[in-house]
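Hi everyone, thanks for coming along. I'd like to walk you through a model I've been looking at, so let me put it on the screen.

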Amino acid sequence: MDSHRINQLTHQRINQSRRDTDMKIVAIDKKDWEKGLDRLREAYRLIGPVKEDRYHYFRELPQGQAPDFDFFNTRISAKEIVYPQSEDLFEYTLDETKEDYHLLKEVEKDYSPKAVLGIRPCDAKAVELVKLNFDTDDYKDPYWLRAWEATTFVGLACDSPCSTCFCTTAGCGPYHEEGLDVLLADDGDRYVAKVLTEKGENFMKAAGWTEGAEAEARFESGKSAAEEKIVSTVSTEKLRSADTLALHGNEEMWEDISFSCINCGTCTFVCPTCWCFDIQDEVHGKQGRRMRNWDSCMFPIFTVHTTGHNPRGTKLQRVRQRFMHKLKYFVDKYDAGIMCVGCGRCVQQCPVNIDIRRVCDLMDRYGATDACAVEG
Amino acid sequence: MSALSPAIQDREELVENPYLPYPVRIDDIVVETEDRNLKTFKFVFLNEQDEKKFDYHAGQFAELSIPGKGEIPIGIASSPVEKGFVMFTVNKAGVVTTHLHNMKVGDIMGIRGPLGNWFPWEMLEGKNVLLVGGGFAFTTLRSSIVYMIDPANRSKFGNITVVYGARTPGMLLYKNELIEWEKRDDIDMHITVDATDDPDWKYNVGFVPPVTEEKAPQGDENTYAIVCGPPIMIKFTQPVLEKLGYTHDRIIMSLENRMKCGIGMCGRCNIGRELVCKDGPVFTLEQINQTPREY
Ligand SMILES: Cc1cc2nc3c(=O)[nH]c(=O)nc-3n(C[C@H](O)[C@H](O)[C@H](O)COP(=O)(O)OP(=O)(O)OC[C@H]3O[C@@H](n4cnc5c(N)ncnc54)[C@H](O)[C@@H]3O)c2cc1C
Ligand code: SF4
Ligand code: SF4
Ligand code: FES
């Protein structure tokens, strides 16, 4: 089942790279940028980074507002574009005099095309990883998939990564194309755009940006220059072969890693690859709705049974779950690398400086040692 | 954008919403136990065709959905050989279960499923089956027994032995059926209670593990044990089964982690890489041994 999924995925990638050969590079004069955006608005809802207070967030871009590309990365990842923090699934009435009383009805939603401008390659690749969870052979999450399908991902290459970025060793990179329909790079008084998919082609046409450019060199040199700036790394080679139970059972290591965690959940909320959610009913008068909200494995209530028993009742158990899921269970289950794209958000925003790069290295080092030696 | 819309439409037709429950009506409510904390709810599907779609095996569970309150994962107590209804036995514990206990015959609610895997019926064909149950975890074992002793299925299995215990006679589920099964000669029943002051009590007195030790058949390559019960019972039954010669690949259990989606997406029920809701709830002890046992 899993291998089947992976095959599909590889397939997609092959198709994508096939298209790469006749892939187009288009030049967009910055003078034409706003005009193009206006044309796009006729067919798409536009979303892009906007500075609020000190940080950038993804917001809908109304007429007259261009995305602000003067940013490192957004404070919160782009996952909310496809997967909102809080989302209605169904609505119903509790009024017994109504014929449809207690019957759940899907909430009408706007799945008209939207385009996200300036998503970083790490966030785009993260969407592909999250898709492994929501698009399975057995079940398809209709809310996630409809939103994903309605979205065109227009990436912006990272020419000045942050000190906390480690994408190049996390299966990603500043010019990574996975999950993107178009990749933009800043080129002085113009943008150059690599058109990667059919969705991307439609987007460029709608904008009226069609002027071909010989700019392969700009991408090549930009890529190597940006990659060189990323000095922070993780080692992941031995995670796959590490023994799950031995790694899980290394209480001393987990005690050390989790000691200062306050289980605030920030790391999971800002992370582009964390997807856990809760389902709740909310009632106002006789009108009710069932909704889902982002949840976090860092919260004790996430797993507590009604009896009070909690399989992950301690902080150590919860921190271990987060890292084991990202760096071991996911690795084993999908064979698609780690469940982290190296965006560095959790590293930057953890109030007590817990650093996934260090944890990953510790786990990887542990994988290198044979289990007997470690136990001894 | 017109170029996109056909794809989106396709998707809508393709995807059945796995979060949408089938609407059902409560058809009957039976108080099972003397403390009135356990009730069995019989549901009928509002749309007849939904019953066909709800095609289940003994050992699976479903999410009972009460609009305004939420959803709870509950093992299916009825059996696939019983038609026209589905049945669940629910312990009053928290918000949703308490609300359900206060609902009436005729009320409308929802059922989402069937969910999870089931006891390995194909593998169990031709084998002797020992079922060990305690407390209200007997529900999917009831489903299994009714399935196995159905005239169409009984010949597919070897000896069937049941050890089922509750605190007192008044706490046993499905009492009428238990008595009927006691009378049959194609199923070896061992009902037990922890204690009783009823002088007419004809069955065993004692905890499930020692009764199992005394009454259960020896384990061999043709005999499998299915164990469902509270953690304490499972803990003390395991060494008994080992002593009787049951290897870990022939001890089958059902786990109960906290769940929400029931379809492997919300991420809370995992034990290592296994999701209890989708890869389980049924595992062999051998499989469980390979997980971090976070249940
Ligand atoms: C596979 C499976 C089969 C089960 N079968 C039965 C059964 O046949 N009969 C029975 O009485 N009980 C069964 N349970 C336990 C039952 O699901 C919980 O007792 C019930 O969810 C408690 O809900 P509540 O709203 O009353 O409790 P509260 O504590 O008020 O609410 C907790 C909420 O958490 C969620 N939740 C989901 N799973 C669990 C869980 N395992 N424990 C606690 N909360 C959970 C629900 O949304 C629930 O509403 C089963 C559990 C699982 C996982
Ligand atoms: S952000 Fe840091 S302190 Fe907060 S839950 Fe995550 S690891 Fe713990
Ligand atoms: S785990 Fe941290 S670095 Fe990795 S993708 Fe999530 S937020 Fe970014
Ligand atoms: S209950 Fe949601 S993943 Fe298992």
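I'll talk about two ligand sites, then a helix, and finish with one residue in a strand. Before we start, please keep in mind that this is a predicted model.

Let's begin with ligand 1. Which chains surround ligand 1? Residues from chains A and B do, so this site is shared between the chains. There are 23 residues around ligand 1, and those that come nearest are B:P73, B:N91, B:V95, B:T97 and B:M259.

Now for the polar side chains at that site. B:T97, which we just met among the nearest residues, has a polar side-chain atom 2.5 Å from an oxygen atom of ligand 1. For B:T139, a polar side-chain atom lies 3.4 Å from an oxygen atom of the ligand. Chain A takes part too: an N or O atom in the side chain of A:T306 is 3.0 Å from an oxygen atom of ligand 1.

Next, ligand 3. Here we have 13 residues around the ligand, and A:C271, A:C340, A:C343, A:G344 and A:C346 come nearest. By character, the shell splits into eight nonpolar, two polar and three charged residues. Helices α10, residues 315-334, and α11, residues 345-349, both in chain A, each supply at least two residues of that shell.

On to the helix, α6 of chain A, which covers residues 216-229. With 14 residues at 1.5 Å a residue, α6 should span 20 Å, and its end C-alpha atoms are indeed 20 Å apart, so expectation and model agree.

Which residues of α6(A) are buried? They are A:R218, A:F219, A:G222 and A:A226. These buried residues cover an arc of only 90° around the axis, which means they sit on the same side of α6(A). That buried set packs against three strands of chain A: β1 (24-29), β8 (182-187) and β9 (190-195). And what does the face turned away from the buried side carry? There you'll find the exposed residues A:A217, A:E220 and A:E228.

Last stop, chain B. B:V44 belongs to strand β2, residues 38-45. Its C-alpha atom is separated by 6.6 Å from that of B:I26, although the two residues are 18 residues apart along the chain. Setting aside neighbours within four places in sequence, B:V44 is in contact with B:V24, B:R25, B:D27 and B:G84.

That's my tour, and I'm happy to go back to any part of it on the screen.

Note on methods: Residues numbered from 1 in each chain as written. Chains lettered and ligands numbered in written order. Predicted model: local features only at pLDDT ≥ 70, side-chain atom pairs only at ≥ 80, totals over all residues. Heavy atoms only, no water. Near = heavy atom within 4 Å. Helix = DSSP H or I, 4+ residues; strand = E, 2+ residues; numbered from the N terminus. Nonpolar A, V, L, I, M, F, W, Y, C, P; charged D, E, K, R; others polar. Expected span 1.5 Å × (residues − 1). Buried < 20%, exposed > 50% of the residue type's maximum accessible area, 1.4 Å probe, protein only. Arc of directions from axis to C-beta. Contact = heavy atoms within 4.5 Å. Polar contact = N/O pair within 3.5 Å; in protein donor to acceptor, adjacent residues only side chain to side chain.
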